[in-house]
Amino acid sequence: MSGAHPTPHPRLQHHFDSLEQQFEASALGMWLFLVTEILFFGGLFMAYMIYRLTYPEAFAEASHELDVVLGGINTAVLISSSLTMAMAVWSAQLGRRTGQLLFLGLTIGLGLVFLGIKAVEYGHKFEHGLVPGPNFRFESARDPVHSQLFFSLYFIMTGLHAVHMIVGIGLMAVLFVLAFKGRFTRAYHTPVEVSGLYWHFVDIVWIFLFPLLYLIDRHGTVGH
Amino acid sequence: MDTAATPHSNYLTDGYGIKSWLLTKDHKRIGLLYLISVSAFFVLGAVFAGLIRLELLTPAGDLVESDTYNKIFTMHGVIMVFFFLIPAIPSILGNFLVPLMIGAKDLAFPRINLLSWYVYTIGGLFTLWALVNGGVDTGWTFYTPYSSAFSNSNVALVVVGIFINGFSSILTGLNFIVTIHKMRAPGMTWFRLPLFIWAHYATALIMVLGTPVIAITLVMVGAERLLHLGIFDPKLGGDPVLFQHLFWFYSHPAVYIMILPAMGVMSELVAAFSRKRIFGYEVVAFSSLAIAVVGFLVWGHHMFVSSQSVYAAMAFSLLSFLVAIPSAIKVFNWSATLYKGSISFEAPMIYVFGFIGLFLIGGLTGLFLAAVAVDVHVTDTYFVVAHFHYIMVGGTIMMYLGGLHFWWPKIFGKMYHQGMARVSAVVIFIGFNLTFFPQFIVGYLGMPRRYHSYPPEFQLWNVLSSAGAAILAVGYAMPTFYLIYSLVKGERAPANPWGAKGLEWETTSPPPTHNFDTTPVVTEPAYNYVK
Amino acid sequence: MPQTQILPTQASTMAPQVDALYFFLVALTAFFTLLISAFVVYAAIKYRRRSPDEVGKAIHGNLKLEITWTVIPLVIVLFIFGWSARLFFTMARPPAQTLDIYAVGKQWMWKFQHPDGHAEVNELHVPVGTSVRLTMTSQDVIHDVYIPDFRVKADVLPGQYTHLWFRATKPGRYHLFCAEYCGTNHSGMGGWVFVMERADYQKWLAGSAGQGTMAQAGERLFKDLSCITCHREDTTGRGPTLVGLYGRAVNLDNGGSVEADEVYLRESIVNPRAKLVSGFQPIMPTFQGLVSEEGLLQLIEYIKSLKALPSNATGAPAAPVQAPAGPGKK
């Protein structure tokens, strides 16, 4: 080697040649992970699709028991949180600590609002006996057997999504602490970018879940 | 160019003590951690196999109770599939060699690599807990509604164990893909990569795309079992056959996770021990990718008799025939490589010869199964059992052992006893054939699989099979002894004991922690054997 | 004392056809295995290393060879596919006239019901040279009926009906196995198929059958469960008439239509709300748990027997046509 080495960036790991290579590797890694998540949720979407095609009326009826207003609000909340997340990434790219903290905080807040509304919805289901199992009751249903199937899928799909939200909020919290310590600069802000990808993905999953679960046969009718 | 002197400091001596191993970020040490865990599970799985063959010596179920036998074959399958065959070559040899072969200092994500080992071990511990707690009796395929609503065994525990273990596969695959894309040394273009890398890349694609599907399927089984969410229960409106579709959507590609790395090893060994580049390098590379892709389209051939429509059966049958073609092409190319080669007969090459014969039989018997009309008769019989053991044991394990014998000097810096190694390979080959060939016969005669007791007219074939298993056990035990012995008393290995080509042979045996003293610059094609 | 065989007996019309394809595949496997192994052995000997530094010849590859050994295997596998597909279509399509027998599997036994009323446990008597169609369901987990000497196999599913058919060619006794793992006594869940000469089969049929045909048993259930209250012979009932229903298309309230096969009939009894017939109210209660799988099959046999009669001058409800019963019934 010739000449003196510039001091490597403190965040450059020893097995990479440059921060750029390290960032590209991290980003590719996160994209691949998100592909695995698509396949993971995909199994549920497959089951949903097959059962909905076989029992469309039962699914429509069960879907009408969901609160489209709360679901709609949650959709708006998540889309907004993706906006705040994108702003957080932008602030990280510019090395602006205040912006990072503000927008990460907002994202966390919106995520918590989402989970809160979800909890309220779950509570309603519990009260109305719409949780599958021995206590399931859905008197007005014309085909309670397959409507119960809808609710099984509803709980697994939204439950899994909620778990991913919790993990996402956890990630945001960690980023918040690191941002507070001034970790993210113009030169290095990989964790924010990469977590941003994850957050957007969780948002997109919801954007598929909402119409598939809440909006079956709802043309013209809003509310319940 | 190799270094004559043995290095005083290498990755094995770079840090002592249990913490330096359990918290290592070195891909080579992680490969060895996997070697220990995977070997432990292999022994356990083999013990269960031994018990199965012991029971099947006689037609009556007289060694153990039915429930116990059902648990034994289930645990044999679960352990061998998820805790041995899927991780063995990628997580041991792949982890060790991928960075070395491409000229990198480590994998892209060393901490995720270590995490993958912990995840494997924790998943394994859950499974062991289930075992100790009474075992599982659903078969490794967990068909519903038996597994979700009827079995009285530790289904949830094992399902959790496999779920967790699946992440080990996903993280390893992810690591390999990013590493191969982003960390090749200067001059290491895609078509200069060793075929081992191509094979592991294709494997990693399957790991990343397929494993999540079985993960969610197991979540659904667990949910049905614990929370009565009836996705697969016909009484709750569900369809038990849907489970089979979701399960096999992963589990068929999974068998390509098991064989592709072995094919990768095969390419390296054939090239090294004929001192020639692999005939049709690009064709072999693309065949790996083709197998990975088409492998996702054939899952229905496990379900020809489970009430599929005739048209679905036709589609899956045709695709299953097509997926055989790239594998056949590889066998032809490996064989053609021998032409005008310079062939030597060290132990790894004995494993190569064994692989060719056994993989041919295993692969060609796959055609019997792709033919629906024949599959109707032989599915769920010992014919299928024989077929997949020919590929997985005759194929994957032969190459696992071949690879271990090839790279052992590189990994540990020691040579083992060549004569004993060759003899073991032959013993394994003989024992293997005696164990599994009779199973083709008794399967076509109609002996179903997973049978604790069987009609007396099937006994001759079962006795032959069990006798073979005893020989096979001896064959597997032998390397354990001489390989471990080599660690203590073996001759020091030079950097390149076989005169092979490849970046891993251009560093010391064992390599230094950072793999290369200077980053290699690649200027020649792979396997560039010139005088 | 059962003999050890190398090949199974050929006891059905399918067996020799399946075996022919099998033998071809065995020959193919042997041929390619020997061919390639021979080449490998030859090359290993001829090109063995003769000096420590020797290397092989640098040969890149050969496109023509690659194409050849891609196309030839492709042609071979397509040939096998075609042969197998033709054979499979025969397996999957029973002949128009079959002797229909019903099977119910449960952990860990088989119950066979003949339409004439004979019920067997773990044994199945059939006449030689007659096409037999099994309609099967499970009471619990997935099972499978496998008769190796006939080369037939089909899974038996809970909540569904699956089918297989065969035509036995040799009198004798043949194994019947459960071939889908189903728990503790999976390997004990087997039995025997007895293929009998026609005369012997008639004698067997004449033996005790007890309570009449399946259709008659179904008619008794139909009355006992009060189905008759809503499902009348004419269209005046609160429910659709079942006369002439089997095999007909049914219009559903969602605009679609479905064929009234065994699966539809079973579903309509255990979960009537899953499909609603156009023009009727969803008032039929579910009979899940109130009828056994055998009972469901008997009801289905009864419904099958309700063929529409030519116009009835008196206007009085006509007696339903009975399913053809074996001799010596009642």
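His377(B) touches Tyr444(B) within its own chain and, across in chain C, Pro8(C), Tyr146(C), Pro148(C), Arg151(C) and Lys153(C), not counting residues up to four places away in sequence. The model described here is a predicted one. His377(B) belongs to helix α13 of chain B, which covers residues 372-378, and this histidine counts as buried because its relative accessibility is 0%. Two of the residues it touches, Tyr146(C) and Lys153(C), also interact with each other, since the charged end of Lys153(C) sits over the ring of Tyr146(C), 3.8 Å from its centre.

A comparable arrangement of charge and ring occurs in chain B, where Arg29(B) lies over the face of Trp21(B). The table sets the two cases side by side.

| Charged residue | Ring | Distance to ring centre |
|---|---|---|
| Lys153(C) | Tyr146(C) | 3.8 Å |
| Arg29(B) | Trp21(B) | 4.2 Å |

Contacts between chains also appear around Met183(B), which is placed in the loop that joins α7 (155-182) to α8 (195-227) in chain B. With a relative accessible area of 4%, Met183(B) is buried. Leaving aside residues up to four places away in sequence, Met183(B) touches His15(A), Phe16(A) and Gln21(A) from chain A, together with Ile102(B), Ala104(B), Asp106(B), Leu107(B), Ala108(B) and Val178(B) from chain B. Leu97(B) is 86 residues from Met183(B) in sequence, and the C-alpha atoms of the two are 13 Å apart in space.

Over all chains, the structure holds 85 aromatic pairs. One of them joins Phe40(A) and Phe163(B), whose ring centres are 6.1 Å apart and whose planes meet at 45°, so the pair is classed as tilted. This pair crosses between chains, running from helix α1 (residues 19-54) of chain A, which holds Phe40(A), to helix α7 of chain B, which holds Phe163(B). The two partners differ in burial class: Phe40(A) is buried, at a relative accessible area of 8%, whereas Phe163(B) counts as partly exposed, at 23% relative accessibility.

Chain A also contains helix α5 (residues 144-180), which has 37 residues and reaches 52 Å from its first C-alpha to its last, close to the 54 Å expected at 1.5 Å a residue. After α5(A) comes Gly182(A), whose phi is positive, near 75°.

Chain C contributes an open sheet of 5 strands with mixed pairing, in the order β3-β2-β1-β5-β8. Its edge strands, each of which pairs on one side only, are β3 (119-121) and β8 (162-167) of chain C. On average, neighbouring strands of this sheet are turned by 25° against each other, with direction ignored. Within it, strand β1 (residues 99-106) and strand β2 (residues 109-113) of chain C pair in the antiparallel sense over 5 bridges, and Ala103(C) stands opposite Phe112(C) in β2(C). Helix α6 (residues 293-305) of chain C lies across β1, β2 and β5 (131-138) of that chain, running at about 160° to β1(C).

Another open sheet of chain C is formed by 5 strands in the order β4-β10-β9-β6-β7, again with mixed pairing. Here the edge strands are β4 (123-127) and β7 (152-156) of chain C, each pairing on one side only, and the twist from one strand to the next averages 20°. The edge strand β4(C) pairs with strand β10 (residues 191-196) of chain C in the parallel sense over 5 bridges, with Leu124(C) standing opposite Val193(C) in β10(C).

Notes
Residues are numbered from 1 along each chain as its sequence is written. Chains are lettered from A and ligands numbered from 1 in the order in which they are written. This is a predicted model: local features need pLDDT of at least 70, side-chain atom pairs count only at pLDDT 80 or more; totals for chains, interfaces and linings use all residues. Side-chain values use heavy atoms; hydrogens and water are left out. Helices (H or I, at least four residues) and strands (E, at least two) are DSSP runs, numbered from the N terminus. Buried means under 20% relative accessible area, exposed over 50%, partly exposed in between (1.4 Å probe, protein chains only). Contact means heavy atoms within 4.5 Å. Rings of Phe, Tyr and Trp (its six-membered ring) pair if their centres lie within 6.5 Å; planes under 30 degrees apart count as stacked, over 60 as edge-to-face and the rest as tilted. A charge sits over a ring if NZ of Lys or CZ of Arg is within 6 Å of the ring centre and within 35 degrees of the ring normal. The expected span of a helix is 1.5 Å times one less than its number of residues. Two strands pair if DSSP finds at least two bridges between them. Axes are lines fitted to C-alpha atoms, for helices over the stretch in contact, and angles run from 0 to 180 degrees between N-to-C directions.
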